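Visitor: Please give me a close look at a single part of this model, going slowly and explaining each term as it comes up.

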Amino acid sequence: MDHSTILFFSYKSTLPGIYSYVHMNINEQSNILITCSRGVSPFLEKEAAALGFTPVSTHETGVVVRGTIKDTYRLNLELRTALNVLFLLKEFRCTSPEVLYKEAGTVKWEDIIPPAEYISVVSQVNNPTVNNTMFANQKFKDAVVDRMTNKTGKRPDSGPERSNIVINFYWNDQKAWIYLNTSGTKLADRGYRKIPLLAPMRETLASAVVQATGYNGTCHFVNPMTGSGTLAIEAALIALGKAPGLLRSNFGLKHIKGFDETYWQELRKATLQKASKKPEFKIIATDIRPEHVDAAQKNAKTCGVDHLIEFGVSDFSKTAVPPGKGIVLLNPEYGERMGDKINLISVYKGIGDFFKKECSGYTGFVFTGNMDLAKKVGLRASQRLPFFTAEIECRLLRYDIY
Ligand SMILES: C[S@@+](CC[C@H](N)C(=O)[O-])C[C@H]1O[C@@H](n2cnc3c(N)ncnc32)[C@H](O)[C@@H]1O
């Protein structure tokens, strides 16, 4: 089950009763559902609040705020932990595919979608009258395309690519929601990770994990076992105050009819000006494998933050930790096979020794999906924050080192 499926089941209606009906005009305020990975919503909620949006509700995989389509510009540009920014168009009672077709056809799509735009529909369905999500997806798409053809005389192309107009349709029991996906592709796809290596951490999760350590650029940040460098790169973006949306050029919102290019450019400029902070403290990223350090360095260069990170090839235990205060964060392998796990016991034991011997004055963090291995660190964790990577439940463990 991916994040959005979980969201689908945990998402609570804003409808006061099942027979209520909400139909939004695109120029008015509506609910904006910002989705995220499980475990991340407390950080997303804080980020949204810092941008001036009061969360209406917070769920396991999303936060709801109120705003206009133009508010989604800022959310897409600035949020570090969000996956998709979804603008609610309609919420209705849905009892059959026929009702779905009829209701989806009442949205004024011709006011939202330019005539020649390509559309993509993402559906999630849990209703006894439908045993095939693809069928509901097709029915929904037909409703949109038929209305567009009737009103404009032109039939929009559609398909799976989330490169242009993206519409999310959720149908759970007898309730249904239609959202305009203003992000298009997931905001986690920042575009800097050209060399992902094996099983890298999703960028938005990495940012949430860095934020969970309390890092804000005002102390050193040390990241041994850096892999493709995601944690160090997200830390650099935070230290710089650089919004991740500045790294992307395409968003779903740019394809919506009436997209305000001037406002978008003004926002980008203002956001860019905020990124002028000069970080005073070190960010260090090391890995035992030279090819991983090389990949991390290239990814950081693509992101424009390579000059802020000191890279090095070394065993984690030999990473030079600068004197003073700081955060040291490791994401060791969890071990899929038994043999791996046995080898990893000494690695986890070594992390405890490294913290004790080399990291005094620092706060140590280990992000892992294996709690048995985590025990081998041999230190008492003062905090265990739950996160999820795909299906694996993980913890961010905090160690106060004296
Ligand atoms: C789970 S990956 C880290 C993934 C990373 N967070 C990312 O987003 O790409 C673990 C990394 O630890 C490195 N590693 C394993 N043993 C190590 C050791 N003894 N010292 C330093 N690095 C090590 C591996 O080369 C791998 O790149």
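Guide: Helix α7 is followed by Gly241, a residue whose phi is positive, near 75°. What you are looking at is a predicted model, in which local features need pLDDT of at least 70 and side-chain atom pairs count only at pLDDT 80 or more, while totals for chains, interfaces and linings use all residues. Residue numbers start from 1 along each chain as its sequence is written. The helix and strand names come from DSSP runs numbered from the N terminus, where a helix is H or I over at least four residues and a strand is E over at least two.

Helix α7 is mostly covered, for ten of its eleven residues are buried. A residue counts as buried if 20 or more other C-beta atoms, placed from the backbone, lie within 10 Å of its own, as exposed if there are 12 or fewer, and as partly exposed in between. The buried residues of α7 are Thr230, Leu231, Ala232, Ile233, Glu234, Ala235, Ala236, Leu237, Ile238 and Ala239. An α-helix has 3.6 residues a turn, so residues three or four places apart point the same way. The cover over the buried residues of α7 includes the helices α6 (203–212) and α9 (290–303), together with the strands β9, β10 (283–287), β11 (309–313) and β12 (326–330). To follow one residue in particular, Ala235 touches Val210, Tyr215, Phe221 and Ile283, if residues up to four places away in sequence are not counted; such a contact requires the two C-beta atoms, placed from the backbone, to lie within 7 Å.

Ala235 also belongs to the largest nonpolar core, which has 113 residues, and where Ile34, Val209, Ala235, Ala236 and Ile283 have the most contacts. A nonpolar core here is a set of buried Ala, Val, Leu, Ile, Met, Phe, Trp, Tyr and Cys residues joined through C-beta atoms within 7 Å. Helix α7 (residues 230–240) gives the most to this core, with eight residues. Because domain 1 (3–181) and domain 2 (203–241 + 278–400) both give residues to the core, it lies between them.

These two domains make up the division of the chain, with bounds that come from an automatic or database domain assignment. Their C-alpha centres lie 36 Å apart, and ten residues of domain 1 are in contact with nine residues of domain 2. On the domain 1 side of this contact, the residues divide into five nonpolar, three polar and two charged, where Ala, Val, Leu, Ile, Met, Phe, Trp, Tyr, Cys and Pro count as nonpolar, Asp, Glu, Lys and Arg as charged, and the others, Gly among them, as polar.

The surroundings of α7 also bring us to the ligand, which has 19 residues around it, the closest being Pro200, Met225, Gly227, Ser228 and Thr230; a residue is taken as near if its C-beta atom, placed from the backbone, lies within 6 Å. This shell divides into ten nonpolar, five polar and four charged residues. One of the closest, Met225, sits in the loop between β9 (220–223) and α7, and its phi is near 60°, a positive value in a residue other than glycine. Met225 is buried, with 23 other C-beta atoms within 10 Å.

In the loop on the other side, between α7 and α8, lies Arg248. Arg248 counts as partly exposed, because it has 17 C-beta neighbours inside 10 Å. Leaving aside neighbours within four places in sequence, Arg248 is in contact with Arg190 and Gly191. From Arg248 to Met371 there are 123 residues in sequence and 36 Å in space, C-alpha to C-alpha.

For a companion to α7, turn to helix α3 (residues 69–78), which is likewise mostly covered, with eight of its ten residues buried. The buried residues of α3 are Ile69, Asp71, Thr72, Tyr73, Arg74, Leu75, Asn76 and Leu77, and they pack against β2 (30–35), β4 (62–67), β5 (84–93) and α8 (261–274).
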